[in-house]
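Here's a walk through one chain, starting from a single residue and working outwards. Have the viewer open as you read.

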Amino acid sequence: MAEHMNRTLLEKVWCMLSNAGLGKEFWAEAITYACHLINRLPSAAIDGKTPFEKWYLKHVVDYDSFHVFGSIAYYHVTESKLDPRAKKTIFMGITSGVKGYRLRCPMTKKVICNREVTFDESAMVNKVTEDTKQNEGVSKQV
């Protein structure tokens, strides 16, 4: 069973990194978020309950906190009056033990945690669908 779960996690990580267009260096962030999702989504093996619910005997799942891994996120900044009010980052997952999201800033190449985040998941989804359309066009030509 452990080997099956490892394979399931690995397949989810491949999909998440591929969909986000991120490299292998983000595998740890992706596997942490994949594990978080698996533990908080219903499973048919345990009568539609979540592993979290079975382990802790309480139903505490906030589906609004689930977001697309690698999507564009803007976090609130209050540095000065003339600076922008939000900075663009990439969503990397959820912090454990603290309410907040893990975000990677492409400018500084650092991971930060913040609670005040606005997500733009459509930007990444549109990028993927455009790439898919281009690949389909190339395969039809061949």
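## Starting at T89

Leave out anything up to four places away in sequence, and T89 touches S71, I72, A73, Y74, Y75, L103, R104, C105 and P106. Bear in mind that this is a predicted model. T89 sits in strand β2, and since the cut-off for buried is under 20% relative accessible area, T89 counts as buried because its relative accessibility is 1%.

So which residue stands opposite T89 in the strand pairing? That's A73, which is also on the contact list of T89.

## The sheet around it

Zoom out a bit and there's an open sheet of five strands, ordered β4-β3-β2-β1-β5 and paired antiparallel. The edges belong to β4 (110–114) and β5 (117–120); each has a single partner strand, so one side of each is left without a neighbour in the sheet. On average, and ignoring direction, neighbouring strands are turned by 45° against each other. As background, strands of a sheet pair through backbone hydrogen bonds, in either a parallel or an antiparallel arrangement.

Now for the pairings of β2. Strand β1 (residues 72–76) pairs with β2 over five bridges, in the antiparallel sense. With β3 (residues 101–105), strand β2 (residues 86–94) makes four bridges, again antiparallel. Going by individual residues, I90 has R104 in β3 as its bridge partner, while G93 stands opposite R102 in β3. The hairpin of β2 and β3 has six residues between the strands, and there G97 takes a positive phi near 85°.

## Helix on sheet

What packs on this sheet, and which strands does it touch? Helix α2 (residues 27–40) does the packing, touching β2, β3 and β4. The direction of α2 makes about 60° with that of β2.

## The nonpolar core

The largest nonpolar core has 26 residues, and the members that touch the most others are L17, L22, Y33, F69, Y101, L103 and V117. Two or more residues apiece come from α1 (2–20), α2, β1, β2, β3 and β5.

L22 is a handy one to click on. Its contacts, again skipping residues up to four places away in sequence, are L17, F69, G70, I90 and M92. Two of those names, L17 and F69, are on the list of core members with the most contacts. Another, I90, is the residue bridged to R104 in β3.

## The largest pocket

If you're after cavities to probe, the largest pocket has a volume of about 610 Å³. Its lining takes in 19 residues, and H36, S65, I94, T95 and V98 lie nearest the centre. Which element gives the largest share of that lining? It's α2, with four residues; this is the helix that packs on the sheet.

## The whole chain

Stepping right back, the chain has four helices and five strands. Read from the N terminus, the elements run α-α-α-β-β-β-β-β-α.

Of its 142 residues, 31% count as buried, T89 being one of the buried residues. And how do the contacts spread along the sequence? Taking those between residues at least 6 apart, 42% join residues at least 24 apart.

Definitions and conventions
Residues numbered from 1 in each chain as written. Predicted model: local features only at pLDDT ≥ 70, side-chain atom pairs only at ≥ 80, totals over all residues. Heavy atoms only, no water. Pairing = 2+ DSSP bridges. Axes fitted to C-alpha atoms, helices over the stretch in contact; angles between N-to-C directions. Contact = heavy atoms within 4.5 Å. Core = buried A, V, L, I, M, F, W, Y, C linked by side-chain atoms within 4.5 Å. Buried < 20%, exposed > 50% of the residue type's maximum accessible area, 1.4 Å probe, protein only. 1 Å grid on protein atoms, 1.4 Å probe; cavity = no way out; pocket = protein on both sides within 12 Å on 5 of 7 lines; lining within 4 Å. Points joined across faces, edges and corners; volume = space filled by probe spheres on them.
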